[in-house]
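Let's walk through this one together, a stop at a time. Have the viewer open and follow along.

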Number of protein chains: 4
Amino acid sequence: MGKKEVPSLVKDEKLIQRRREEMVKAAVSLFKENGFHRTTTREIAKASGFSIGTLYEYIRSKEDILYLVCDSIYDGVKLRLQQDINGEDSGIQGVERAISAYFKVMDDMQDEVLVMYQEAKSLSHEALPYVLKKELEMTAIFEELLFKVVKQGELHLSEKEIQAAAHNIVIIGQMWTFRRWALQKIYTLEEYTQLQLQQLLYGIKGA
Amino acid sequence: MGKKEVPSLVKDEKLIQRRREEMVKAAVSLFKENGFHRTTTREIAKASGFSIGTLYEYIRSKEDILYLVCDSIYDGVKLRLQQDINGEDSGIQGVERAISAYFKVMDDMQDEVLVMYQEAKSLSHEALPYVLKKELEMTAIFEELLFKVVKQGELHLSEKEIQAAAHNIVIIGQMWTFRRWALQKIYTLEEYTQLQLQQLLYGIKGA
Amino acid sequence: MGKKEVPSLVKDEKLIQRRREEMVKAAVSLFKENGFHRTTTREIAKASGFSIGTLYEYIRSKEDILYLVCDSIYDGVKLRLQQDINGEDSGIQGVERAISAYFKVMDDMQDEVLVMYQEAKSLSHEALPYVLKKELEMTAIFEELLFKVVKQGELHLSEKEIQAAAHNIVIIGQMWTFRRWALQKIYTLEEYTQLQLQQLLYGIKGA
Amino acid sequence: MGKKEVPSLVKDEKLIQRRREEMVKAAVSLFKENGFHRTTTREIAKASGFSIGTLYEYIRSKEDILYLVCDSIYDGVKLRLQQDINGEDSGIQGVERAISAYFKVMDDMQDEVLVMYQEAKSLSHEALPYVLKKELEMTAIFEELLFKVVKQGELHLSEKEIQAAAHNIVIIGQMWTFRRWALQKIYTLEEYTQLQLQQLLYGIKGA
DNA sequence: CATGAATGAGAATTCATTCAT
DNA sequence: TATGAATGAATTCTCATTCAT
């Protein structure tokens, strides 16, 4: 489904998957600490528990690792989000629930979100679109949610308004991590969630 | 006022300023294209119009350049913003005006904002605080604006609500640049401004 | 035994030893010709028969090479000296024999001694003590030799006199190399040895 | 008298002399601390109290400074030594006096001696001979002294023995500085002088 | 499949020296 | 004479990637 294929010299698909998971885990931790450029492939291999030679059996280049990392994080975020939202109540209530759940995911996956946020731009022109696509899919989740509520007549928003709102939700969630140095000094996650729900729903002038 | 001093081997202060401006201009353009890490000091020197030796007469290390770039961009943004806001009408109207002006600045300085946004995190632990401080000052501008309106009784917001609103304004403005690949396909700047003003003031449930 | 460990990225200890021997050999020859500071790491790599990258798999910095060189030379000198002295006759005769052997070693290892003599001082404050310690050990060999003879009643020297004599022996031996430009024009090694034995044992006034 | 001429762009001989003295003084201090290679011309200029441009009005290259330094030190040592020895008593007594005086000069000029000792070898093939010549002149002083005493019949030494003895005196004096890390822990200058006089005159087998 | 030694292009930085003012 | 800004060749060290075992 539109994923970029990263070739491997190894045939055993199961093994590829397992090794890559180890790699990604190690890499996230290292990227978080030192950033993509300051992390060496040797360090990643070592932290992954195998040799540099083996590392290159499962990827072609250092950039592949970054791609796998971003890919994996998006999948993780999306998976958790979909689990937390699923069927449940719809209407405005459902949107609020989704936002709260999303903020919770951002909080739980802070390190990953940060890495994705800061390093994705280092991807080559070839790989970047795949990641931006994921970012849009993320936004689309909230667009759809809002769209349903509009359809039910509970909200009155144009399509462009829906899009703007969805983008806002997404980055205000991410902001919790990439502005943690400011926000997490002022608010607890619960406070932040309450305040932002208020702002998102009612605005500054809000009732 | 709390700026980090970057030492130079050259004594003539005027010259330092002039050369550094050339450097920063060249660097912004290169960083935008290839990012900080993929840009070499030689490229910066060349694009600045002087030799590598001369470059190092005005800075101590590559990181100094990044710091000067970030510093310069913040100053630029803030300067323009303050010019555009100045005395003028207060009240909610004033806030709206300020937000519009801010979005306009973001649009005009897209390249710079993008660079600052993506590369600032590469600053060392020593220099980073200076830049984060600037980011907070940016936010503080809107906090103060809102605070005045609250004082005048036109808005009813707690301090924490003011802070959240200010952060939202700032990053929704920045989002116009760092999500340009999505947003600028959907909206013109005017549309974006109108829609986001609506969202910020009245929220999803909006009037 | 109190050696400074020089870390390597390579795991195979045997290989490390072999490669470092090649490196040291090449470095001695280059240092002798141009001195430590005028010799580049690339030259050392090339003369050693491997690439610059490989060189740095076996050392951390250029200074490590100098340390390895000094270390190796001292070990070489000491080893040869101990082989030449071993059990043999004791008494004054033994001392004379040892001095002659030592002078012979100095003569055989002129290049090495010269390098060690002239470049050791370029070692960092961290590494220098290890080399000075070796120099003292060298001196201690002669101190012990003299001490035994004193104990046997054949010589009458205080401890401080023993130390002075030992230092004199050591540097008069080294002088053969570092004043070669003067001495080796006047004397053959045999002459030098005879004359200096005379001076050392009986002094200027000597019988 | 066989000195190497170092050209200058400046005409005023008095000025040249004065500036060069300042330069040499600054350089000795810096060389002692960091060695010739690790000292930059900028540092020397600064420590001398003039600009880098001015520095190069009085020398042609960095090496010229080293030559001037060595030259100046030798002249200084020789001057002091000749003052201390002059007419005075002759015979063995005179030799002893000269040695003591020489050791005292070495002690007083430790920094200079050390620099000369360790850095002279960095001189180019062109300049080195001039310095070695000075070293020989130093030795010649003691050769002459000894020669006179031999002539007077108070000592019985061949020419080669005289030369060896003179070399020994010179380097045992220098050793006081370049092995200070060992010797100056054990002896005071007076002790060292007494012990070495004893060794030099009567040898290990002593009186 | 796994290993890790070897490679060398490339990057940041330094510093002796020059020359216009 | 004095100054100090400009220069760029030279140097150390890094690190992604390969390939023989």
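Start where two chains meet: 46 residues of chain B are in contact with 46 residues of chain A, contact meaning heavy atoms within 4.5 Å. Before going on, a word on the ground rules: this is a predicted model, where local features need pLDDT of at least 70 and side-chain atom pairs count only at pLDDT 80 or more, while totals for chains, interfaces and linings use all residues. Residues are numbered from 1 along each chain as its sequence is written, chains are lettered from A and ligands numbered from 1 in the order in which they are written, and side-chain values use heavy atoms, with hydrogens and water left out.

Back to the B–A interface. About 4400 Å² is buried between chain B and chain A, and carbon and sulfur atoms give 61% of that; buried area here is the accessible area (1.4 Å probe) that two parts lose on being put together, summed over both. On the chain B side, B:Arg179, B:Ile204 and B:Lys205 lose the most area to chain A, together 17% of what that side buries.

B:Arg179 also shows up in a salt bridge with A:Glu135, side chain to side chain, at 2.0 Å from N to O. The rule (a side-chain nitrogen of Lys or Arg within 4 Å of a carboxyl oxygen of Asp or Glu) finds four salt bridges across the interface of chain B and chain A. As for where the chain B side comes from, H8(B) gives the largest share, 13 residues; helices are DSSP runs (H or I, at least four residues), numbered from the N terminus.

Now swing over to the DNA. Strand F is surrounded by 40 residues, the closest being A:Tyr56, B:Arg19, B:Gly53, B:Tyr58 and C:Tyr56, where near means that a heavy atom of the residue lies within 4 Å. Of the atoms of DNA strand F that come within 4 Å of the protein, sugar and phosphate account for 65%. H3(B) gives the most to this surface, with five residues.

Which backbone atoms sit by the phosphates of strand F? A backbone N or O atom of B:Lys11 lies 2.9 Å from a phosphate oxygen of DNA strand F, and a polar backbone atom of C:Lys62 is 2.9 Å from a phosphate oxygen of that strand. For B:Ser51, the distance from a polar backbone atom to a phosphate oxygen is 3.4 Å.

One last stop, in chain D: D:Ala140 lies in helix H7 (residues 128-151). The C-alpha atoms of D:Ala140 and D:Ala166 are 7.4 Å apart, with their positions 26 residues apart along the chain.

Definitions and conventions
Helix = DSSP H or I, 4+ residues; strand = E, 2+ residues; numbered from the N terminus. Polar contact = N/O pair within 3.5 Å; in protein donor to acceptor, adjacent residues only side chain to side chain.
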